[in-house]
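Trainee: Before we go through this model together, could you explain how each label in it is justified? I would like to see the reasoning behind the words rather than the words alone.

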Amino acid sequence: MSTTLITGGTVVTSTGRSEADVLIDGETIAAVLAPGSTLLGHDLARSVDTVLDAAGKYVIPGGIDAHTHMQMPFGGTEASDTFETGTRAAAWGGTTTIVDFAIQRYGERVMDGLAAWHEKAAGECAVDYGFHQIVGDVNDDSLKAMAGLIDEGVSSYKLFMAYPGVFYSDDAQIYKAMRVGAETGLMTMMHAENGPAIDAMVTELLAQGKTDPYYHGVARAWQMEEEATHRAIMLANLTGAPLYVVHVSAKQAVEQLAAARDNGQNVFGETCPQYLYMSLEDQLGAEGFEGAKYVCSTPLRSKHEHHQDHMWQSLRTNDIQMVATDHCPFCMKGQKDLGVGDFSKIPNGIGSVEHRLDLMYQGVVDGKITLERWVEITSTTPARMFGMYGTKGVIAPGADADVVIYDPAGHTSIGLDKTHHMNMDYSAWEGYEIDGHVDTVLSRGRVLINDNEYLGTRGTAATSIVPRASI
Ligand SMILES: [Zn+2]
């Protein structure tokens, strides 16, 4: 087993920061030591195999992106990142764990869906991965299978209140599934948008000739997110199921979550970088078909209603607990362009898995969140939420050596011809400038990224993480 010492850096966790050296033995963090510590009189730096100098830099736990969709089938096509390309891009951006979504489609069995996704990912990934289970067909057989998910290393399942005819669950199905969630401790993840009403609006808009990408945002009105969020919270309240609402974008939905939390209910919210930085007018409303690049659901919200500021505020006040990407990339050519002349045919998704840590670090630079909060919302809380805490999400003895050395004096220019490793023909984040840089990335003690070079190999993370069911 090889040993590594990270010296001279500032170790940042969700609760504080300190000058410390980090000793790694094999795949695990062995010790966090006062700078320049010796061991039994020996100079540690001389007795380890590798020394990484982190002077002037932050040493943080590797990012955990708990919402990705690698090679996910959607709208007649498939998300353009494979598990190989997507996890390599994640590594470039300092994310060392992803939790993707295995899918049970209508008419299929839950465990067959899980097995299919294990097959897609096995031997492909550059960083550790796990799965949430999408239950796209809640029936008696699915409900029985859900009870067995924790034994399969899956501590969460997801339902959709949107996409009738695809993943949609009606209220009776949600109620039944949440009963299982309450009994087993499985986390219920919810796509909270009123799909049937949205689909009716889509039909109306298209009939009026309103076919541009902008109308994707008009059809998916914030009222439909607030309403569904409230309904999900009430069904969770009734059944006692823990609830996690994914990709929250409307400030009114946050208010529903905040009220429920103030009331003592076990509910959580996730947002994504696009809802912090982008708007209905500036991106979805871009010239011509350009807006298609930013079509995702829930949609980008109006800047005139200040959802974006409210989302940053919610991260400060803990009304929103974490930031994932909902990474679901599609190319413009051959994929997004399926929706020329009909916004409802544009595959939904933005690619961000590579940029989450940087984009959220810019929030630190801009004074919107603290350094510790940055670590908490990108690593520590996702670890806690999905049963990995202690093994991941911390820099502490016994934890996996998933470590990022981040340079606050560095700079990252995001752009297709600059820093781009996702398998897409455009970057939704083109032109964003970050006052920081991911210098070095270790996954279980292996150096994957150093000095702008990728040192990993396909499938180095051959084992799926198996989150413990400790919600
Ligand atoms: Zn998603």
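Mentor: Keep in mind throughout that this is a predicted model. A good place to begin is the metal site, where H67 (NE2), H69 (NE2) and D326 (OD) are the protein donors of the zinc ion, at 2.0 to 2.2 Å from it.

Trainee: What makes H67, H69 and D326 donors of the zinc ion?

Mentor: A donor here is an N, O or S atom within 2.8 Å of the metal, and the NE2 atoms of H67 and H69 and the OD atom of D326 lie 2.0 to 2.2 Å from the zinc ion, so they count as donors by that cut-off. Water is not among the atoms, so such a site may look incomplete.

Trainee: What spacing do the donors of the zinc ion follow along the chain?

Mentor: The spacing is H-x1-H-x256-D. The pair H69 and D326 links distant parts of the chain, 257 residues apart, with H69 in the loop between β8 (63-68) and β9 (73-74) and D326 in the loop between β17 (322-323) and α13 (356-365). H69 and D326 are both buried.

Trainee: Turning to the rings, why is the pair of F74 and F330 called tilted?

Mentor: The rule gives 16 aromatic pairs in the model, and F74 and F330 form one with 6.4 Å from centre to centre and 50 degrees between the planes. The distance is within the 6.5 Å needed for a pair, and the angle is neither under 30 degrees, as for stacked rings, nor over 60, as for edge-to-face ones, so the pair is tilted. Because F74 lies in strand β9 and F330 in the loop between β17 and α13, this pair ties together parts that are 256 residues apart in sequence.

Trainee: How do you know whether F74 and F330 are buried or exposed?

Mentor: Buried means under 20% relative accessible area; F74 has 16% and F330 has 0%, so both residues count as buried. F74 and F330 also belong to one aromatic cluster together with F160, Y163 and F167.

Trainee: What makes the pair of Y129 and F131 edge-to-face?

Mentor: The ring centres of Y129 and F131 are 5.9 Å apart and their planes stand at 70 degrees, and because planes over 60 degrees apart count as edge-to-face, the label follows. Y129 and F131 are both buried.

Trainee: How do you know that K120 lies over the face of W117?

Mentor: K120 is 4.0 Å from the ring centre of W117, and the distance part of the rule asks for NZ of Lys within 6 Å of the ring centre. The rule also asks for a position within 35 degrees of the ring normal, and K120 is assigned to the face of W117. K158 is likewise placed over the face of F101, at 4.3 Å from the ring centre.

Trainee: Why are α13 and α14 called roughly antiparallel?

Mentor: α13 and helix α14 (residues 371-385) pack at an angle of about 150 degrees, with their axes 9 Å apart. Angles over 145 degrees count as roughly antiparallel, so α13 and α14 receive that description. Their crossing is right-handed.

Trainee: What makes α8 and α9 roughly parallel?

Mentor: The axes of helix α8 (residues 222-239) and α9 cross at roughly 20 degrees and come within 8 Å. Since angles under 35 degrees count as roughly parallel, α8 and α9 are therefore described in that way. α8 passes α9 in a right-handed crossing.

Trainee: Which value of phi makes H247 worth noting, and is H247 buried or exposed?

Mentor: Phi of H247 is near 30 degrees, a positive value in a residue other than glycine. H247 lies in the loop between β15 (243-245) and α9 (251-262), and its relative accessible area of 1% is under the 20% cut-off, so H247 is buried.

Trainee: Why does N452 count as exposed?

Mentor: The relative accessibility of N452 is 51%, and exposed means over 50%, so N452 counts as exposed. N452 lies in the loop between β22 (446-450) and β23 (453-454) and has a positive phi of about 60 degrees although it is not a glycine.

Note on methods:
Residues are numbered from 1 along each chain as its sequence is written. This is a predicted model: local features need pLDDT of at least 70, side-chain atom pairs count only at pLDDT 80 or more; totals for chains, interfaces and linings use all residues. Side-chain values use heavy atoms; hydrogens and water are left out. Donors are N, O and S atoms within 2.8 Å of the metal (3.2 Å for Na, K and Ca); water is not among the atoms, so sites may look incomplete. Helices (H or I, at least four residues) and strands (E, at least two) are DSSP runs, numbered from the N terminus. Buried means under 20% relative accessible area, exposed over 50%, partly exposed in between (1.4 Å probe, protein chains only). Rings of Phe, Tyr and Trp (its six-membered ring) pair if their centres lie within 6.5 Å; planes under 30 degrees apart count as stacked, over 60 as edge-to-face and the rest as tilted. Axes are lines fitted to C-alpha atoms, for helices over the stretch in contact, and angles run from 0 to 180 degrees between N-to-C directions. Angles under 35 degrees count as roughly parallel, over 145 as roughly antiparallel, 65 to 115 as roughly perpendicular and the rest as oblique. A crossing is left-handed if the near helix is turned anticlockwise from the far one by less than a right angle, and right-handed if clockwise.
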